[in-house]
Structure formats: C-alpha cells, structure tokens
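Trainee: I should like to go through the reasoning behind some of the terms applied to this model. May we begin with the structure itself?

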Amino acid sequence: MSADGSADANSTLLARLSVSLPEAVKLQLSELGCPLNESTQIQVLSRGLSNQNYHLSRDNQQLVLRVNSQASSQISARDHEVANWRLAEEQGLAPALLYVAQGNSCYLSHFIDTGEDWSRLMTANPAHPLQDECVTRPDAEGLLLELLKGLAQLPLPKNPISVTEQWQSYIGQLEMIAESLDAASTDKASLDAVGSTDLPISYLEPWKTRWQALKAHQERVDAVLEQLNACELAPQYSHRDLNPHNLLMSQGKLWCIDYEYACSSHPLVDLASVLATHRLSSEQRHWLILGYLNGHPKLNDKALAAIPSALALYWYFAACWALLMASQGEGILKQTVQKAVLQSVENAEPQKQGESDASLPHSVSDYLQCFDDFMVLVG
C-alpha cells in the first residue's frame, strides 16, 4: 500500500475509534502515551470471530485496544475474564492488562512484539486426525507443552465449570433461544416491529435447522462426557481456547491472550484445544500428548483413551458458540433472544431491544457457516 493509502487507513480507524470509544477510554489512551490523534499509528489486529483488536503505537509506546462485542459479552462473564487474565499475567503467561473500561467494554494491554506469526500453525483437526508427517515448526510441541504446564499450575479460577455443566449451560441457552424464535416466527407483530417479513426465511429457519442437527447428537455427547468425567481426578486452570490466533511467540516462549472462556475445568480441555487447532505432525502430537499426561496429578490412566472425546467436545462447544453468536445478529433473530440470553448468563451486558450489534465482526450467515464447519470436525 502507498504511504497515502496507509495514512488514509490510519485516519479512517482514528475517526472510527474517536466516535465509538467512551471519553474515559480516550483519556486513558492519552495518559498511556497513545492519544487518538494523527501522531498515533493504528492497525487492526483482530482475526478472531468475537471481538475487535487494535494495535496503537507512538514513539516507544505500544498498546493493544480490545473492544468487546456486545454479543460476546452476553455469553461470557467479563469480570471472570479479567480476573483470570490477571492470574496468567502474574505468572508471565499473559500481556499486562493496563486498563479495564467501565462495564468491561474495552481493555488496554501491553503490545507484545512477536518475532513470528504463530497463527500460521492454524488448522482444524477432527477427533481422529489422519497421519501427518509435515512439520510446520520443528519445536512447536516443546513450546506448547511448556505453556500447557504453566497454565495447569496456575491457581484455580473462582468460576468453576465442569465439561458437563458447560454443555448443559449451552444447551439450556440454546433451548430458550429456540423457544423464543418459535414464538417470534408466528408473531406478525414481532416481524412488523423490525420492518421486514422475510427475516424468518433468511435467518430463523436456517438457525432452527442447525439447532435440531445439534440436538440429534445428544447421545454421542453423553458418551463423550461420560468418558471425560471418568478420567478426571480434579479440575485445573483452563484457558479453553488455545488456538494459534490466541497465542503469541515472543522472548522464546508462548504468551496467551483472550481469556473470555477461562475457568476451573477439566485438565484435558486445554490440551484438546491445542490438538484441535494446531498444525502438528503425528510425531509432534504424540510427543505432546505423552509429555502432558506423564505424571499429571489430576488425570488417571484413562486419560489417553479419552483424548478423541476431548477433541470432539471442543468442536461441539464451538458449534454451540457459533449458534449463540448467530442468535445475536441482525433484526428479529437478535430481538427475540435478548431476554433468554440475559436470564441465563451471569453478568451479561444488556443492549437496547432489537438493536443490531455493530461491534459483532461477522454476520449471522458467517456464524451459521462456522457451525457447519465445526460439526464436520466432531468426527
């Protein structure tokens, strides 16, 4: 891009943030050395599916601004996210969290300068992956094992949730949403309120079709949960989404970001998230698995056999998340689920009735496509 093009992009981002950010956040940026003016360079960092991230730099100061999507805030407890981020930060596993805006709408943290893009290892592995001899990064398994062991040794978070409880929570929320959508699809007044009568065709039926497809897997999920519960001796600190986009390689080690779903949970969930999302050779995978399980104080000898179930559950949870995010989208689909979601999630952030979530970085159709992709991967 030309210099003029870069300047235009910076000006566009600057204008957008100047309008959208609360005054308290803009004041904090100024105090930290990155005021919202032309002297500060702004780049979009986010490649995730939930929130928006920006890299702000001026002179020797570099910050990350994360703007939390309202939809994501409705299915995760931000206070717990902040507390669990700080637990990891204290042990040098997370960038320093410098500022939390009122209502947890935005975070400011130190920018970690990475020597390489760890996200190049991103892939999607099913519960029973094929043999793979390709090595993308020769020492990836060692770095990942060090990170996994570091997280496992953190103090237990104050928001415990077992894998069974998480599944029940997701299904409970989705059931209430489905009931709301069923009511809305036969309520002409609800459709007239958003000025469109074709929304059920565009959004409601595709959502409900996928919800029925998920429910059809209940027997399989029950078996997965039974196998996982049989190998757990005690819970541990769990980030729960260690995909390569949430890891930064710097100073010879891996750092974690995005603690939205961190909690006290099953000792296999972090290993599963790594195995599900990292491009590792079969030899690297086996080394990582054995290194993690060897002498693990909170797993018994049934853990090795339960790993395919842990991977399957990772993708089932991802599918639930995709449906929840889709339900927070445009128009009638969002309007009809507000009450259901707010009733089921602790500390959820309310929005105006029927308001489209401008902070949501993807469309309803994008999240429904994610659901389809995730369901293929359950194996």
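Trainee: Which residues in helix 11 meet which residues in helix 12?

Mentor: In this predicted model, Arg285, Ile289 and Leu293 of helix 11 meet Ala303, Leu304, Ile307 and Leu311 of helix 12. The residues of this contact divide into 6 nonpolar, no polar and 1 charged.

Trainee: Why is helix 11 called oblique to helix 12?

Mentor: Helix 11 (residues 282-293) and helix 12 (residues 303-326) pack at an angle of about 120 degrees, their axes lying 11 Å apart. Angles of 65 to 115 degrees count as roughly perpendicular and those over 145 as roughly antiparallel. The angle of about 120 degrees belongs to neither class, and helix 11 is therefore oblique to helix 12. The crossing of the two helices is right-handed.

Trainee: What makes helix 10 largely enclosed by the rest of the structure?

Mentor: Buried means under 20% relative accessible area. In helix 10 (residues 269-277), 9 of the 9 residues are buried, so this helix is largely enclosed by the rest of the structure. Among them are Val269, Asp270, Ser273 and Thr277.

Trainee: Which residues have the most contacts inside the largest nonpolar core?

Mentor: They are Trp207, Leu214 and Leu268, in a core of 90 residues. Helix 12 supplies the largest share of this core, 20 residues. Leaving aside neighbours within four places in sequence, Leu214 is in contact with Trp167, Ile171, Leu174, Tyr316, Cys320, Leu323, Phe371 and Met375. Another core, of 18 residues, lies apart from the largest one and includes Leu13, Leu14, Leu56 and Leu65.

How values were computed. Residues numbered from 1 in each chain as written. Predicted model: local features only at pLDDT ≥ 70, side-chain atom pairs only at ≥ 80, totals over all residues. Heavy atoms only, no water. Axes fitted to C-alpha atoms, helices over the stretch in contact; angles between N-to-C directions. Helix = DSSP H or I, 4+ residues; strand = E, 2+ residues; numbered from the N terminus. Parallel < 35°, antiparallel > 145°, perpendicular 65-115°, else oblique. Left-handed = near helix turned anticlockwise from the far one by under 90°. Contact = heavy atoms within 4.5 Å. Nonpolar A, V, L, I, M, F, W, Y, C, P; charged D, E, K, R; others polar. Buried < 20%, exposed > 50% of the residue type's maximum accessible area, 1.4 Å probe, protein only. Core = buried A, V, L, I, M, F, W, Y, C linked by side-chain atoms within 4.5 Å.
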